[in-house]
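Please look through the sequence and the model below before reading on. The paragraphs that follow lead from one sheet outward to the rest of the chain.

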Amino acid sequence: MGNDHDAASTGTPGATVDRLDAAAPSSGIAVITDDTIANPGFPPYRPRVGDLDPEKERQQERRVSALFVLSVVGTVAAIVSYIVFPIIPGDMQSVRLNNLFLGLSIALALLSIGVGVVHWSKALMDGHDLVELRHGTRGSDETRAKAVEVFQLGNKESGFTRRKVIRNTLIGALVVSPLPAVVLFRDLAPAEDPVPLLKRTLWAEGVRLARDPSGTPILASDVTLGSVFQVIPENLSEAEHPLEEKAKAAVLMMRLNPDELVVSAGREDWNYDGIVAYSKICTHVGCPVALYEQLTHRLLCPCHQSQFDITREAEVIFGPAKRPLPQLPITVDDEGYLVARSDFTEPVGPSFWERKL
Ligand code: FES
């Protein structure tokens, strides 16, 4: 410390002192002051209305119970909604109604419990501040010695280290015991090879691009510069499993100035006069990429903020996605409607083990 005082009086940069003799500290000297703020303690307890008036307390109690009853109503409504609005295969409207009423009812049920519990704790439960001092988590020496003693006694009585054959066979049994789980989980994998399953969608040569959800085909002349369309294959409603097919075939289409597009070799005819179509399924973990920033020509996935540059064949410019969105090659038919040139040329959606890309 004596050296520090010397350092302070000489103003040595980088030194630490507890008192500064000079009126103005020179730069590079850290001053440790002793004017720590006194513990202000807790503010005085402010009684709540329910603490002062028993009638108000009963009122709060009734409110909390009402919220819990409301939750029961939500639960019953969820069951009723599920029965009243069944999902009819192929009928998108039935899916929407089912999801809407089921979601609202479950939200009501869970929210009412949450709000009820919070209100209960704030309005009725004993409210007082606590101080919990931190302490080391290490046990005392006696506790640790006792633990070792118990362990050694257990070892001696069981003969775990002495009876080597029993010990080793037990270890062997424990090591192989998770194997059934491996076999069971393995069986959860799709029976079919997932590559063709995910690589093939409803898109094919000549299939018209249609508006989602109405299914009306789109004229190239309707796609104005800067506009964006949510697109499905026109033949989606004829599919055996329309929802599954839509999950793979959903597309976003937008029109840019053709001069802004950077097109790689082999893809020159994949856009039609600046109209480009890309899979809507994010290559990260499969969320729908639905946010288009018209000025920067970027598509944003709302799940984890991956961004794709549409001018550069949807290459990833930010976020956790690793691959560009697959592009759907398009052109127009004799009547001027936009049609696919072929299916996607690679599996859509997130990477998976067998994809090997
Ligand atoms: Fe799109 Fe994660 S799913 S960024």
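Are the residues on the two faces of β5 buried or exposed? On one side of β5 lie Val251, Met253 and Arg255 and on the other Leu252 and Met254, and all of these are buried, where buried is taken to mean that 20 or more other C-beta atoms lie within 10 Å of the residue's own, exposed that there are 12 or fewer, and partly exposed that the count is in between, with C-beta atoms placed from the backbone. Because five of the five residues of β5 are buried, this strand is largely enclosed by the rest of the structure.

Before going further, note how the model is to be read. This is a predicted model, in which local features need pLDDT of at least 70 and side-chain atom pairs count only at pLDDT 80 or more, while totals for chains, interfaces and linings use all residues. Residues are numbered from 1 along each chain as its sequence is written. The mean pLDDT of the protein is 87, and 89% of its residues reach 70 or more, pLDDT being the predictor's confidence in each residue on a scale from 0 to 100. Over residues 1-11 the pLDDT falls below 50, and this stretch has 17 contacts in the model beyond near neighbours in sequence; two residues are in contact if their C-beta atoms, placed from the backbone, lie within 7 Å. Where pLDDT is low, the predicted coordinates should not be read in detail.

The secondary structure comes to nine helices and 12 strands, each a DSSP run numbered from the N terminus, with helices (H or I) of at least four residues and strands (E) of at least two. Of the 357 residues, 18% count as buried, and among contacts between residues at least 6 apart in sequence, 53% join residues at least 24 apart.

Strand β5 belongs to an open sheet of four strands, in the order β3-β4-β5-β6 with antiparallel pairing, where two strands pair if DSSP finds at least two bridges between them. The edges of this sheet are β3 (209-211) and β6 (275-279), each of which pairs on one side only. From one strand to the next the twist averages 40°, with axes fitted as lines to C-alpha atoms (for helices over the stretch in contact) and angles running from 0 to 180 degrees between N-to-C directions. On one side, β4 and β5 are joined in the antiparallel sense over four bridges, and Val228 stands opposite Met254 in β5. Strand β5 (residues 251-255) also pairs with β6, again antiparallel, over five bridges; here Arg255 stands opposite Ile275, Met254 has Val276 as its bridge partner, and Leu252 has Tyr278.

Although β6 is an edge strand, five of its five residues are buried, so β6 is largely enclosed by the rest of the structure. Ile275, Ala277 and Ser279 point one way from the strand, and Val276 and Tyr278 point the other way.

Several of these residues recur in the largest nonpolar core, which has 39 residues and in which Leu209, Val251, Met253, Ala277 and Ile330 have the most contacts; such a core is a set of buried Ala, Val, Leu, Ile, Met, Phe, Trp, Tyr and Cys residues joined through C-beta atoms within 7 Å. The elements giving two or more residues to this core are β3, β4 (228-233), β5, β6 and β12 (338-340). Leaving out residues up to four places away in sequence, Leu209 touches several others, including Val231, Met253, Ala277, Ile330 and Leu338.

Beyond β6, the loop between β6 and β7 holds Thr283, which is buried, with 26 other C-beta atoms within 10 Å. Thr283 and Gly349 are 66 residues apart in sequence, yet their C-alpha atoms are 4.6 Å apart in space. Among the contacts of Thr283, its neighbours within four places in sequence aside, are Ala321, Lys322 and Pro350.

A further open sheet has the order β7-β8-β9-β10, also with antiparallel pairing. Its edges are β7 (291-293) and β10 (315-318), each with a single partner strand, so one side of each is left without a neighbour in the sheet. Three bridges join β9 (residues 307-309) to β10, with Asp309 opposite Glu315.

Helix α5, by contrast with β5, is hardly covered, since the count of buried residues among its 18 residues is zero. Just after α5, Gly159 takes a positive phi of about 70°.
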